[in-house]
Amino acid sequence: MSFQLLRTGLIRLSFYLSILLFASTISSASSKVPIKFDTFHGYTGTVDYLKAVARAYPNLTELMEIGKSTLGKPIYVLAVTNQKTGVALDTLIPLRHSRNEVKNVPPMKRHQAKPGQWICASTHGNEFTGTEVCLYIIDKLLSSYDRDPEIKRLLDEKVFYICPIVNPDGVYNSVEAGLPQRGNVMLRDDDGDGRINEDGPDDLNRDGFITQFRYKDPKGEYVIDDVDPRLMVRLSPGEKTDRERYSVIFEDIDNDKDGKRGEDPVSGIDLNRNFPEGWFRADGFPGGQGDYPTSAPEVQALAEFFTNYRNILMAQFFHTSGGFTYRPMGSSPDTAVHRKDAAVYDFILGRKYLEIIGEPVPEAWQQPEEMEKFRAALRGRTRNRYALDRGYEFPRGWRVSYNENEDRPYGYGLQADWIYMQYGAYSVTTELWNPLRDIPGFPEIKEDAPRIDIQRALLRYQDEKYGGKLFLPWKKFHHPELGEGEIGGWLPLYSGNNAFPGEPLLNVCEKHWQFEIFRARLLPEVVISEVKTKILYQADHPFEASIEPSKDQVVIKKGQEKKKYTMLEVKAIIENKGELPTHVARGASLPLNREDIVWLLGDRDKVKFFIGTPWQRLGVLEGQLKIPVVSSQEETSLRGAQFRGTPPAQPALPAPFRPRPEIQAAEIQTVKTLSPSSREVTWVIALEGQTPLKIVVTSQKGGTKVKDITVE
């Protein structure tokens, strides 16, 4: 089998190049690394492109290898941002007592101090349209930086983490090797014969492609289409027919002579069933795939990346088939999503997505303040108790994957559920390709039309636009085990899951570029909007003093002369000028997450705190965008849960500098809420000499900003 793959590689490459004569050759405007979308790049082409843009744009990109697949192929993430902006907190607060035995903790990168957006694709190896959308987004960002002020501002202040291929082995096999493969590769003996992955599909006629073999079979489930005999129509269970029955399989033989075909292929598990959230069923038994959550090396790579990069608030997982978006949840009912987050998902993100793909926006989303009216109108029209609770049914283009009508999970161990529930980001899964909407001039066919109607239209379209080269005519072939039949059908790259190259693919790319940029504009942006200082007291030549008890009296002794001392009040206003809050509703309470923090930094030996502490907790800063259907009472409750006003216990100050009890009580008021999105912070400090001071506000998902203090 491996010999056949090596032999047919050149045949397949020359064939796909001939298709380019019929496909659109529209290229992006990138001046440094031009890219076209008239074919699929696959794993090799994608890696070559990522390395090329990393070389061409060293100031705007960082190419990171975050792990390896089962077969050792690197998994890459491209960080797209201005690499010279942003400041990492650990560069401002050096460790005084570092542990020399700890050598494996790398310093923070600049972009880890910026609000982040994650975009990835090809979790399923045979769904590689998303890889092309990722490359399109990379190209648009980089080629627009010098000519589009908005893109420049986004890349100066934010960071995009783009992982075009989560499943390298699956994509390589699906594109380069011509073996459609949904799962990853696992080195295992599926059939128990002591050999690994020895019995998968085969290129029987050695034409360079693994397509289909159809043969007459009295028990077969297919008949030849009476409209276009190139197509096969699957019969319904129990359906009777007088027409000749056929069976249809991938090209394949029994390689290991055990009486079975294709029972030990290279394909492993579905990676989108191997994430930690909801991997176990309600009865405690495993529901997801793999030996345990994150058992797949590809999933482990993503889990480690998200563990270390806590600055991501938006996450997109591109899949392929359907032309709609899933938002959480799939392993649990919609009640697991906080109402505030559901409002962001549906009324803000969902509404925009439907507008972009050209589908109607539910009336309830346009008038969320009238939700009680819509909720009442649903009574008696639906048995979906989750819809009754929300006030609306989901539209076709924006939905949850949880089966609400049957009240059961869609699946277990889903990636978008994990990122929302355990990491705290607005995660979505977009199924990109819908030929009914993404092919210009495609015949009017209803969404619920029989699949054969869509197949007929696609076949005619590829005849006209691609010279019929996406579908191989059926040719007679004698199968060594099944006898006479025919080999042919759709080429694996174009068999239904993925957009056709050229104009249809570009349409998909442009729509979802628009959606991702819309989401990036919503990211929070924490700033220090104002700093004021006030000198409360100054001493030019103070002396140290010591007190020595002597029987019934004390002796005060004059000590050494000290430098100039200043008692200083510092006030700062911190704001979130971005659209969304710095966390999802429960985000700050999740493990490894934290509330927003502000620091007053100076030489710790020359700055003494009397009111306030070196760092103070701000809570979660709301954004500028009004989130519908969250009442003022609910907002107050949320803020109360996120910000309690009193910093956690701090390490004790040396006795001479501990504030009096009455000042400790006043410490509660050092952070004042001016509005849901802004705080006023106060310190009173004693400052020795001309010690420089900085205010640093740091928000995990809202960014880090620094301002030097000038004492006036």
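Two strands count as paired if DSSP finds at least two bridges between them, and this criterion underlies the first exercise on the predicted model shown above.

**Exercise 1. Strand β14 and its partners**

Determine which strands pair with β14, in which sense they run, and which residues stand opposite one another.

*Solution.* Begin with strand β5 (residues 212-216), which is joined to β14 by three bridges and runs antiparallel to it; within this pairing, glutamine 212 has glycine 488 of β14 as its bridge partner. Continue with strand β13 (residues 471-479), where seven bridges make the connection to β14, again in the antiparallel sense, and where lysine 476 is found opposite glutamate 486 of β14. The connection between β13 and β14 is a hairpin, with three residues between the two strands. Finally, consider the surroundings: because six of the eight residues of β14 (residues 483-490) are buried, the strand is largely enclosed by the rest of the structure.

**Exercise 2. The eight-stranded sheet**

Work out the strand order of the open sheet of eight strands, and identify its edge strands.

*Solution.* Reading across the sheet, the order is β1-β2-β4-β3-β9-β12-β10-β11, and the pairing is mixed. The edges are β1 (61-68) and β11 (398-399), each of which pairs on one side only. Inside this order, take the neighbours β9 (residues 312-321) and β12 (residues 426-433), which pair in the parallel sense over seven bridges; phenylalanine 317 stands opposite threonine 429 of β12. As background, strands of a sheet pair through backbone hydrogen bonds, either parallel or antiparallel.

**Exercise 3. Salt bridges around glutamate 525**

Which side chains form salt bridges with glutamate 525, and which parts of the chain do these pairs link?

*Solution.* In the first step, locate arginine 153, whose side chain meets that of glutamate 525 in a salt bridge with an N to O distance of 3.9 Å. This pair links distant parts of the chain, since arginine 153 belongs to helix α4 (residues 149-157) and glutamate 525 to the loop between α14 (503-521) and β15 (526-539), 372 residues apart. In the second step, turn to lysine 158, which also forms a salt bridge with glutamate 525, the closest N and O atoms lying 3.8 Å apart. Lysine 158 sits in the loop between α4 and β4 (159-163), so this pair ties together parts that are 367 residues apart in sequence.

In the third step, assign the burial classes, for which buried means under 20% relative accessible area. Glutamate 525, at 18%, is therefore buried, and lysine 158, at 3%, is buried as well, whereas arginine 153, with 38% relative accessibility, counts as partly exposed. In the last step, place these residues in their wider setting: Arg153, Glu157, Lys158, Glu525 and Lys705 are linked in a network of salt bridges, and the structure as a whole holds 37 salt bridges.

**Exercise 4. A salt bridge within a helix**

Are glutamate 516 and arginine 519 buried or exposed, and how are they placed in helix α14?

*Solution.* The side chains of glutamate 516 and arginine 519 meet in a salt bridge at 3.3 Å, N to O. Because the two residues are three positions apart in helix α14, they are separated by about one helical turn. Glutamate 516 is buried, with a relative accessible area of 1%, and arginine 519 is likewise buried, at 0%.

**Exercise 5. Nonpolar cores**

Characterise the largest nonpolar core and the surroundings of phenylalanine 160.

*Solution.* The largest nonpolar core has 73 residues, and those with the most contacts inside it are Ile138, Leu141, Phe160, Ile162, Trp490 and Phe500. Helix α3 (residues 129-144) supplies the largest share of this core, namely eight residues. Phenylalanine 160, once neighbours within four places in sequence are left aside, is in contact with residues including Leu78, Val80, Ile119, Leu141 and Ile517. Apart from this core lies another, of 35 residues, among them Leu313, Ala364, Tyr392 and Phe394.

**Exercise 6. Cysteines**

How many disulfides does the structure hold, and what is the nearest cysteine sulfur to cysteine 134?

*Solution.* The structure holds zero disulfides. Cysteine 134 has as its nearest cysteine sulfur that of cysteine 120, 6.9 Å away, and the cut-off for a disulfide is 2.5 Å. Cysteine 134 is buried, with 0% relative accessibility.

Note on methods
Residues numbered from 1 in each chain as written. Predicted model: local features only at pLDDT ≥ 70, side-chain atom pairs only at ≥ 80, totals over all residues. Heavy atoms only, no water. Salt bridge = Lys/Arg side-chain N within 4 Å of Asp/Glu carboxyl O. Helix = DSSP H or I, 4+ residues; strand = E, 2+ residues; numbered from the N terminus. Buried < 20%, exposed > 50% of the residue type's maximum accessible area, 1.4 Å probe, protein only. Core = buried A, V, L, I, M, F, W, Y, C linked by side-chain atoms within 4.5 Å. Contact = heavy atoms within 4.5 Å.
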